[in-house]
Amino acid sequence: MFRVPVVVVADEANKYSISVLLGYLIDYLKRERIYDKFRFVLTKWDRATQVITSLGGPHILLVSLLTTQVIQNLRRIVETTEISRRLGGITVAGGPHPSGDPYGTVLKLGFDLAFIGEAEQSLTEFIDKLISVSDHPSVNGVVAIDEVGVEARFDHPRVKDLDQVPPFCEELGLLNPIEIMRGCPHACRYCQVSFMFGAVPRFRSIENTVVYAKILLRRGIRDIRFISPNGFHYEYKRIKASSSSIIELLEVMNREIRSLGGRVYLGTFPSEVRPEYVTDDLLKSIRSLVDNRRINIGAQTGSDRLLKLLHRGHSAEDVLNAISIARKYGFEVDIDYIFGLPGESDEDVTETLNHIERVIKLGGRIHCHVFMPIPGTPFSFAPPGKVPDSARKFISKAIGRGVLWGQWLKQEELASKIALFRDSHIILINYSRAIKVISEERPLLRERFNYFMRNLRNVIIKLQTT
Ligand code: SF4
């Protein structure tokens with residue numbers, strides 16, 4: 001029996017998001033007894049064209065993309081979508097970059113469909129329609145190639161409860177930390193999380209978390225970590241934010257997971273915390289329930305003026321309080337800062353450097369970043385970040401003292417490339433910029449649309465006749 005190949009490109013940088021998506025999709029296909037119609041083939045960007053060429057027929061190319069991956073692999077991505085299209089593939093992209101720049105993903109990267117936001121439900125609906133309808137399977141939450149350029153259908157569905165979504169894809173061996181919270185109410189202006197996943201957080205229940213932690217343990221993964229935009233914001237009972245739900249989660253993990261030899265990590269990557277959530281009561285209660293002795297806290301800047309501008313919703317003093325509390329209960333702390341933020345003045349830089357000095361005196365270690373204008377954030381059109389000259393000497397000395405680390409040099413380069421791609425209309429972001437590309441490239445887009453319709457028909461025929 002012919003099974004339609006689904007070629008999934010899963011690199012290190014995007015493996016978490018693709019495994020959650022595949023976990024959901026494969027569970028659905030199995031439930032509906034249609035899993036046998038597909039054959040999932042995992043690959044990486046450097047082998048994607050080889051894999052597609054070896055298939056040489058109808059297939060679906062499924063990709064999750066970060067903006068940093070796009071600027072590092074542009075040629076390879078465009079080449080892959082082109083080869084896939086010519087060999088009968090429907091090309092589908094999702095994840096942070098297509099969510100922030102769906103028009104550019106279709107018009108400039110060559111994908112037929114860009115899924116916006118969390119795509120579990122929209123992608124499943126799309127696949128389902130391939131099997132059950134005979135014409136174009138339109139779904140909400142997608143920008144697609146169309147005879148007039150693009151068709152955009154926003155208003156994508158969101159899962160109501162994380163218990164509906166497996167945290168990883170066991171079937172394909174893609175195991176990763178357990179997502180316990182999705183969405184963030186804070187909407188910091190440089191960050192995509194609230195804009196991609198919404199401001200209303202959804203949580204995974206304790207019972208469901210334990211089920212998946214036990215699967216990880218059975219598969220030999222002893223270190224149980226969580227994915228959360230704010231590790232200490234866990235209120236699955238829908239009650240007012242309080243520490244009791246986190247403590248309950250960790251107490252159950254202690255009983256059910258640590259007793260079996262597992263180790264539990266919260267408040268450290270990938271579940272870093274906001275400073276105002278670090279409280280005496282919470283840290284006193286959890287110190288014996290977690291195995292990490294280090295907590296990561298987001299400060300971003302030492303300037304209250306800039307914190308307000310960023311919509312951070314806490315003060316510079318909150319960060320110092322959080323460090324004192326964490327140290328009191330025996331935790332080491334890593335504090336994140338971002339230089340080159342839009343609106344950062346010389347005074348802000350001076351305040352940040354003074355703040356960093358105070359953090360170091362309190363025993364904190366500095367994790368230094370540079371601002372990147374990520375599509376899909378309110379700062380999409382801001383200039384790229386750069387470490388200000390006045391901070392460079394300070395940073396070098398702090399590295400020498402062993403109290404500062406980070407990838408800011410690489411991020412400076414990435415930030416300026418993102419701005420370059422944006423300014424040269426490879427990253428489009430909004431429809432008014434997309435229109436210009438559509439009118440300039442109409443014949444090419446028409447040709448691409450014809451390929452898409454042909455390939456779509458062939459995939460539908462294969463799925464409906466097997
Ligand atoms: S930076 Fe953190 S707190 Fe702010 S919106 Fe992003 S995830 Fe939420």
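**Group meeting: sheets, helices and ligand shell of a predicted model**

Good morning. I begin with an open sheet of 3 strands, whose order is β8-β11-β12 and whose pairing is parallel. At its edges stand β8 (178-179) and β12, and each has a single partner strand, so one side of each is left without a neighbour in the sheet. Strand β11, residues 223-227, runs parallel to β12 and is joined to β12 by 3 bridges. One bridge can be named by its residues: D223 has R263 in β12 as its partner. I should state at once that the model is predicted.

Let me now place this in the whole chain. The protein is divided into domain 1 (4-158 + 430-464), domain 2 (177-266 + 279-292) and domain 3 (295-423). Taken over C-alpha atoms, the centres of domain 1 and domain 2 are separated by 32 Å. How many residues are in contact between domain 1 and domain 2? On the domain 1 side there are 8, and they are in contact with 6 residues of domain 2. Two elements, α1 (15-31) and α4 (96-100), give two or more residues to the side of domain 1 that touches domain 2. The largest share of that side comes from α4, with 3 residues. By class, this side of domain 1 holds 3 nonpolar, 3 polar and 2 charged residues.

I turn to the other sheet on my list. It is an open sheet of 7 strands with mixed pairing, and the order is β2-β1-β3-β4-β5-β6-β7. Which strands stand at the edges? They are β2 (38-43) and β7 (149-153); each has a single partner strand, so one side of each is left without a neighbour in the sheet. On average, and with direction ignored, neighbouring strands of this sheet are turned by 20° against each other. Within the sheet, strand β1 (residues 4-9) pairs with strand β3 (residues 59-64) in the parallel sense over 4 bridges. V9 stands opposite V63 in β3. As a general reminder, strands of a sheet pair through backbone hydrogen bonds, either parallel or antiparallel.

A helix also meets this sheet. Helix α17, residues 442-465, lies across β1, β3, β4 (89-94), β6 (142-146) and β7. The direction of α17 is at about 110° to β6.

Next, the helix pairs. Two packed helices are described by the angle between their axes and the distance between the axes. Helix α2 (residues 48-55) and helix α3 (residues 67-86) have axes that come within 9 Å and cross at roughly 5°. Angles under 35 degrees count as roughly parallel, which makes α2 roughly parallel to α3. On the α2 side the contact is made by A48, T49, I52 and T53, and on the α3 side by E79, T80, I83 and S84. These residues divide into 3 nonpolar, 4 polar and 1 charged.

The helix α3 takes part in a second pair. With helix α15 (residues 408-423), α3 packs at an angle of about 80°, and the axes are 10 Å apart. The two helices, α3 and α15, are therefore roughly perpendicular to each other. Here α3 contributes T67, T68 and I71, while α15 contributes L414, K417, I418 and F421. The class count for the contact of α3 with α15 is 4 nonpolar, 2 polar and 1 charged.

Two backbone details deserve a place in this talk. In general, most residues other than glycine have a negative phi, and most peptide bonds are trans. In this model, the peptide bond from F269 to P270 is cis, with omega near 0°. Where is P270? P270 has its place in the loop between β12 (263-265) and α10 (280-286). The second detail concerns Q300, a residue other than glycine, with a positive phi near 75°. Q300 is in strand β13, residues 294-300.

I close with the ligand. Which residues surround the ligand? They are C184, H186, A187, C188, C191, V193, S194, P229, N230 and R274. By class, this shell divides into 6 nonpolar, 3 polar and 1 charged.

Thank you for your attention.

Technical notes
Residues numbered from 1 in each chain as written. Predicted model: local features only at pLDDT ≥ 70, side-chain atom pairs only at ≥ 80, totals over all residues. Near = placed C-beta within 6 Å. Nonpolar A, V, L, I, M, F, W, Y, C, P; charged D, E, K, R; others polar. Domains from an automatic or database assignment. Contact = placed C-beta atoms within 7 Å. Pairing = 2+ DSSP bridges. Axes fitted to C-alpha atoms, helices over the stretch in contact; angles between N-to-C directions. Parallel < 35°, antiparallel > 145°, perpendicular 65-115°, else oblique.
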